[in-house]
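Here is a friendly walk through a protein and DNA model, written for someone who likes cut-offs spelled out. Have the viewer ready.

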There are 2 protein chains.
Amino acid sequence: MGKKNDHCNYSQCPVACALDIIGDRWTLLVIRDLMFTGRHEYKDMLSSDEGISTNILADRLKQLQSRGIIASVPHPENKTRKLYYLTQPGKDLIHVMIQIAIWADKHLTGVVSIPTDTRDMLINNTGAKIQYTMQELEKWEKEFIV
Amino acid sequence: MGKKNDHCNYSQCPVACALDIIGDRWTLLVIRDLMFTGRHEYKDMLSSDEGISTNILADRLKQLQSRGIIASVPHPENKTRKLYYLTQPGKDLIHVMIQIAIWADKHLTGVVSIPTDTRDMLINNTGAKIQYTMQELEKWEKEFIV
DNA sequence: TAATATTACTTGCATATTGCAAGTAATATA
DNA sequence: TATATTACTTGCAATATGCAAGTAATATTA
């Protein structure tokens with residue numbers, strides 16, 4: 001269930017309604033980890049540079065699952081581990097992520113730094129970057145999701 | 001100055017650093033108002049459907065100005081009024097806004113509703129939507145900014 | 001010109017969210 | 001059998017949000 005003050009209770013604007021889901025400091029970082037960094041487990045996401053705290057991470061994973069943006073399966077070889085991954089709605093956020101990254105690369109030059117090859121593809125061959133990212137996700141899925 | 005817990009203090013990731021600026025429930029709605037709805041004054045943004053409160057709006061306008069994403073001028077014919085507008089970094093967020101809107105239109109079908117013509121251009125002629133939006137902003141600027 | 005209205009805010013306070021540290025339960029490993 | 005991992009939960013202080021009310025500088029109306 002959504003929250004009392006969710007924008008979607010007052011507005012049908014796509015940006016407003018999307019912000020009920022992605023409009024906070026952490027949600028898109030969880031998506032980023034699942035989409036670009038090969039992280040698929042709770043402990044992996046905890047280890048990201050930004051230092052998300054355990055309760056926030058648990059909450060966001062729960063919210064994203066309940067919204068159908070991510071899903072999870074038990075690790076095939078270890079019952080204590082759990083694998084999270086993006087569903088199609090989650091994967092479709094790649095276009096949002098990419099545009100945020102391009103904007104930040106252009107306008108937050110003092111603070112942002114992207115590895116040269118990654119940046120080159122992002123800026124000069126955005127389509128290829130998207131394709132490549134999707135291919136990597138598919139590869140992973142073929143290994144871990146039936 | 002940024003806040004103590006800003007992601008950019010811990011990470012150089014473009015998404016993380018961007019979230020220090022746009023990662024909350026209200027900032028992108030202020031951008032939306034300035035970008036797509038022809039709102040340029042404090043009172044206009046207060047009147048948007050989502051019901052932003054006066055202190056939050058004042059705070060976000062201040063933050064966005066200090067980051068150079070928006071700017072303001074006194075109303076040419078009325079000293080009590082003030083006109084806010086997007087700078088180039090602010091305008092460049094159009095690609096982020098458009099992708100969020102496209103994603104929400106596709107995946108939040110129960111809650112999102114976009115006027116038919118607007119939606120048609122957004123989905124089927126995204127480039128034209130961007131061009132048109134920029135043209136409208138330029139028109140406004142020619143009238144109100146020197 | 002005096003009284004009312006607009007506009008762009010600020011202030012105070014209750015409530016909600018976040019950040020941090022510590023704890024727990026179910027396995028897995030040594 | 002003892003220690004580690006993993007994925008969480010809990011409690012509490014600090015911060016941010018939501019809401020109502022107030023303020024100061026013009027502008028408009030009677």
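The sections below cover the conventions, the symmetry, the two DNA strands, two residues of chain B and two helices of chain A.

## Ground rules

This is a predicted model, in which local features need pLDDT of at least 70 and side-chain atom pairs count only at pLDDT 80 or more, while totals for chains, interfaces and linings use all residues. Residues are numbered from 1 along each chain as its sequence is written, chains are lettered from A and ligands numbered from 1 in the order in which they are written, and side-chain values use heavy atoms, with hydrogens and water left out.

## Two copies, one axis

Let us start with the protein pair. A turn of 180 degrees, with a shift of 0.0 Å along the axis, lays chain B on chain A with an RMSD of 0.0 Å. The two copies are thus related as by a two-fold rotation axis. The superposition is by least squares on the C-alpha atoms of residues with pLDDT of at least 70 in both copies.

Which residue of chain B comes closest to the rotation axis? B:Asp24 does, with its C-alpha at 2.2 Å. The same surface serves both copies, as 100% of the contact residues of chain B recur in chain A; contact means heavy atoms within 4.5 Å.

## Around DNA strand D

There are 21 residues around DNA strand D, and A:Thr54, A:Tyr84, B:Trp26, B:Asn55 and B:Arg60 come nearest. A residue is near a strand if one of its heavy atoms lies within 4 Å of it. Of the strand D atoms that come within 4 Å of the protein, 67% belong to sugar and phosphate.

Some individual atom pairs are worth a look. A polar backbone atom of A:Lys43 is 2.9 Å from a phosphate oxygen of strand D, and a backbone N or O atom of A:Lys82 lies 3.0 Å from a phosphate oxygen of that strand. In A:Glu41, a side-chain N or O atom is 3.4 Å from a phosphate oxygen of strand D. The elements giving two or more residues to the surface near strand D are α3 (42–46), α4 (54–66) and β2 of chain A, together with α4 (54–66) and β2 (78–86) of chain B. Helices (H or I, at least four residues) and strands (E, at least two) are DSSP runs, numbered from the N terminus.

## Around DNA strand C

DNA strand C has 22 residues around it, and the nearest are A:Trp26, A:Asn55, B:Tyr42, B:Thr54 and B:Tyr84. Here sugar and phosphate account for 66% of the strand atoms that come within 4 Å of the protein.

A side-chain N or O atom of B:Thr54 is 2.8 Å from a base oxygen of strand C. Phosphate oxygens of the strand are 2.2 Å from a side-chain N or O atom of B:Tyr84 and 3.0 Å from a polar backbone atom of B:Lys43.

## Two residues of chain B

B:Glu41 is found in the loop between α2 (27–36) and α3 (42–46) of chain B. At 9% relative accessibility, B:Glu41 counts as buried; buried means under 20% relative accessible area, exposed over 50% and partly exposed in between, with a 1.4 Å probe and protein chains only. The B:Glu41 side chain makes a polar contact of 2.8 Å with the side chain of B:Arg81 and one of 3.1 Å with that of B:Lys43. Such a contact is a pair of N or O atoms within 3.5 Å; within protein, one must be able to donate a hydrogen and the other to accept it, and residues adjacent in sequence count only if both atoms are side-chain atoms.

B:Tyr42 lies in helix α3 of chain B and, at 30% relative accessibility, counts as partly exposed. Its side chain reaches the backbone oxygen of B:Thr54 at 3.0 Å. Not counting residues up to four places away in sequence, B:Tyr42 touches B:Thr54, B:Leu57, B:Ala58, B:Leu61 and B:Tyr84.

## Two helices of chain A

Helix α8(A), residues 126–144, has 19 residues and reaches 27 Å from its first C-alpha to its last, close to the 27 Å expected at 1.5 Å a residue. The expected span is 1.5 Å times one less than the number of residues. Its buried residues are A:Lys129, A:Ile130, A:Thr133, A:Met134, A:Leu137 and A:Trp140. Seen down the axis of α8(A), the buried residues fall within an arc of 125 degrees, so they line one face of the helix; the arc is that of the directions from the helix axis to the C-beta atoms. The face turned away carries the exposed A:Gln131, A:Lys139, A:Lys142 and A:Glu143.

Among the elements covering the buried residues of α8(A) is α6 (94–107) of chain A. α6(A) is mostly covered, with ten of its 14 residues buried.
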